[in-house]
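The following exchange asks how the terms applied to a protein model are justified. Each answer sets a value against its definition.

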Amino acid sequence: MQFSKWHGLGNDYLLVERAELAFPLTPERVQRLCDYHFGVGSDGIVEVTSANRDRAEVVIWNPDGSTAQLSGNGTRIAARWLARRSGAETVRISVGPREVVASMRGGKQVEMEMGAVEVGEPETIDVAGEIVEFVPVSVGNPHAVIRREPHRDAVLRLGPLVERHERFPERTNVQLVRVDGEHDVTVGVWERGAGETLSSGTSAVAVAGAAVRHGWCESPVTVHLAGGDLVVSFDDALNARLGGPAEEICRLELSEELDL
């Protein structure tokens with residue numbers, strides 16, 4: 001059974017076509033494959049369920065065995081994979097009910113139309129006795145954008161607590177953001193179902209959407225993440241466009257001895 005391994009600014013995914021699987025993916029098998037010690041190791045799996053010329057449908061698995069409603073990096077990886085396979089410069093990737101249009105740019109760059117971003121008004125929650133203000137954002141998946149210094153220790157402390165707070169019955173992605181300028185923010189990411197990640201495409205869109213909607217920044221916004229930079233721009237209706245790289249690392253053939 002063959003996989004390819006990709007990354008988007010250090011956020012790594014295994015990519016496989018469902019038709020080539022020797023067995024169906026299950027939450028337990030996904031957890032084992034994503035484990036860096038007992039499996040292959042990754043931040044998730046992009047499972048291509050169908051591909052026809054310039055269109056593909058994918059399921060994106062988190063390393064804890066849950067599925068993501070949307071993933072900017074995972075979708076960008078699927079788009080570059082499909083573009084290379086089909087020869088098309090523009091492809092369409094469906095993740096659940098949302099279809100993303102992706103265009104290949106120079107080098108490893110992919111630009112994606114992410115659709116409408118919904119940004120709410122600031123709210124506060126009690127997190128282990130600390131009052132935390134956040135902006136709720138939906139990019140097809142939920143986000144809690146917190147404006148404070150994105151120190152790693154703060155991300156590791158607040159991330160899991162906010163992710164599983166009762167305010168978010170289906171859990172949420174969490175971002176700590178520092179505004180650096182009119183078009184720049186620095187972000188630490190705690191991803192729902194994955195934990196701390198070097199990069200997250202939907203997190204970048206969520207932070208940029210909150211920044212533009214509430215006047216912290218103007219479009220376009222360069223989002224500085226631990227793994228590198230993503231660029232997000234918006235039209236007047238807050239429809240987002242996300243640009244960043246996607247790169248194949250290697251191709252893998254799983255040993256039959258791997259207990260899945």
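Q: What makes the lining of the largest cavity divide by class as it does, and what are the counts?
A: The lining of the largest cavity has two nonpolar, eight polar and two charged residues. The classes follow a fixed list: Ala, Val, Leu, Ile, Met, Phe, Trp, Tyr, Cys and Pro are nonpolar, Asp, Glu, Lys and Arg are charged, and the others, Gly among them, are polar. Among the lining residues are Ala68, Leu70, Gly72, Glu191 and Arg192; Ala and Leu therefore count as nonpolar, Glu and Arg as charged, and Gly as polar.

Q: What kind of model is this, and how are its residues numbered?
A: The model is predicted, with local features requiring pLDDT of at least 70 and side-chain atom pairs pLDDT 80 or more, while totals for chains, interfaces and linings use all residues. Residues are numbered from 1 along each chain as its sequence is written, and side-chain values use heavy atoms, with hydrogens and water left out.

Q: Why is a space called a cavity and not a pocket?
A: On a 1 Å grid over the protein atoms alone, a cavity is a set of points where a 1.4 Å probe fits but cannot get out, whereas a pocket is an open set with protein on both sides within 12 Å along at least five of seven lines; lining residues have an atom within 4 Å of a point. The search of the whole structure finds one cavity of 30 Å³ or more, and the largest cavity holds about 80 Å³. A volume is the space filled by probe spheres set on the points, which are joined across faces, edges and corners.

Q: Which elements supply at least two residues each to the lining of the largest pocket?
A: They are β1 (2-8), β2 (11-17), α2 (72-86) and β19 (247-253), where helices (H or I, at least four residues) and strands (E, at least two) are DSSP runs numbered from the N terminus. The pocket has a volume of about 220 Å³, and its lining comprises five nonpolar, two polar and five charged residues.

Q: How do you know that β10 and β11 pair?
A: Two strands pair if DSSP finds at least two bridges between them. Five bridges join β10 (residues 123-127) to β11, and the strands run antiparallel; valine 127 has glutamate 130 as its bridge partner in β11. The two strands form a hairpin with two residues between them, and alanine 128 in the turn has a positive phi of about 55°.
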